[in-house]
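User: I am new to this structure and would be grateful for a close look at a single part of it, namely the aromatic rings and how they pair. Please set that part in the context of the whole chain.

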Amino acid sequence: MSAARAPQTAMPYTIAAIIAARVELPENLETPQAEQTGAHLFRENCVQCHGAPGIAATVQGMTPAPPNLLRTGRRNDPAEVFSKIKNGIPGTAMPAWGDQIPDQSIWALAAFLHHYRGISADAFDALSTTEAEPGEGTH
């Protein structure tokens, strides 16, 4: 007789999720100003690796390949996104941006990525080429 085996399951939490659980979301995270700032920052700092609607990633050959962060159906939990941008992702080419981008701007990126999953190429272009008015979500 063989002993019964417990089913193996994946760990329910990633390191980023554990760190994100300790991050407190700012009030009024997804304001139009913050989202517009995030779109602009995404175009300036992230599109090269992650691509965007209507824009192919220009950096190739990374393993693992950077994900399409604006894909429809992607979760983009704001606290996890904040943690990944601020601290980087070990074992990948994703660097830590915390020493180069202020927290308020990282939150703006997180707000944009959460709110605009599935954005069209035209809408991304319009939103990301106009800088937000000075105020919340800007640095």
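Analyst: Contact here means that heavy atoms lie within 4.5 Å. By that criterion, in this predicted model, residues 24 or more positions apart account for 71% of the contacts in the protein chain with a separation of 6 or more. The protein chain has six helices and zero strands, and from the N terminus on its elements run α-α-α-α-α-α. Of its 139 residues, 37% are buried. The chain exposes about 8700 Å², of which carbon and sulfur atoms supply 54%.

Against this background, the aromatic rings may be considered. The structure holds five aromatic pairs. One of them joins F42 and F124, with 6.2 Å from centre to centre and 90° between the planes, an edge-to-face arrangement. This pair links distant parts of the chain: F42 belongs to helix α2 (residues 32-45), whereas F124 belongs to helix α6 (residues 121-128), and the two are 82 residues apart. Both F42 and F124 are buried.

F124 also pairs with F112. The centres of these two rings are 6.1 Å apart and their planes stand at 40°, so the pair is tilted; planes count as edge-to-face only when over 60 degrees apart and as stacked when under 30. Because F112 lies in helix α5 (residues 103-115) and F124 in helix α6, this pair ties together parts that are 12 residues apart in sequence. Like F124, F112 is buried. A wider grouping takes in these residues as well: F42, F112, Y116 and F124 form one aromatic cluster.

A further aromatic residue, F82, is found among the buried residues of helix α4, and that helix merits a brief description for context. Helix α4 spans residues 78-87 and is mostly covered, with seven of its 10 residues buried. Besides F82, the buried residues are P78, A79, E80, V81, S83 and I85. At the N-terminal end of α4, D77 acts as a cap: one of its side-chain oxygens lies 3.2 Å from the backbone nitrogen of A79. A79 is itself one of the buried residues of this helix. Just after α4, G88 takes a positive phi of about 80°.

To return to the rings, F124 in helix α6 is paired with F42 in helix α2 and with F112 in helix α5, and the cluster that holds these three residues also includes Y116.

Definitions and conventions
Residues are numbered from 1 along each chain as its sequence is written. This is a predicted model: local features need pLDDT of at least 70, side-chain atom pairs count only at pLDDT 80 or more; totals for chains, interfaces and linings use all residues. Side-chain values use heavy atoms; hydrogens and water are left out. Rings of Phe, Tyr and Trp (its six-membered ring) pair if their centres lie within 6.5 Å; planes under 30 degrees apart count as stacked, over 60 as edge-to-face and the rest as tilted. Helices (H or I, at least four residues) and strands (E, at least two) are DSSP runs, numbered from the N terminus. Buried means under 20% relative accessible area, exposed over 50%, partly exposed in between (1.4 Å probe, protein chains only). A polar contact is a pair of N or O atoms within 3.5 Å; within protein, one must be able to donate a hydrogen and the other to accept it, and residues adjacent in sequence count only if both atoms are side-chain atoms. Accessible areas come from the Shrake-Rupley method with a 1.4 Å probe; for residues, only the protein chains shown count as cover.
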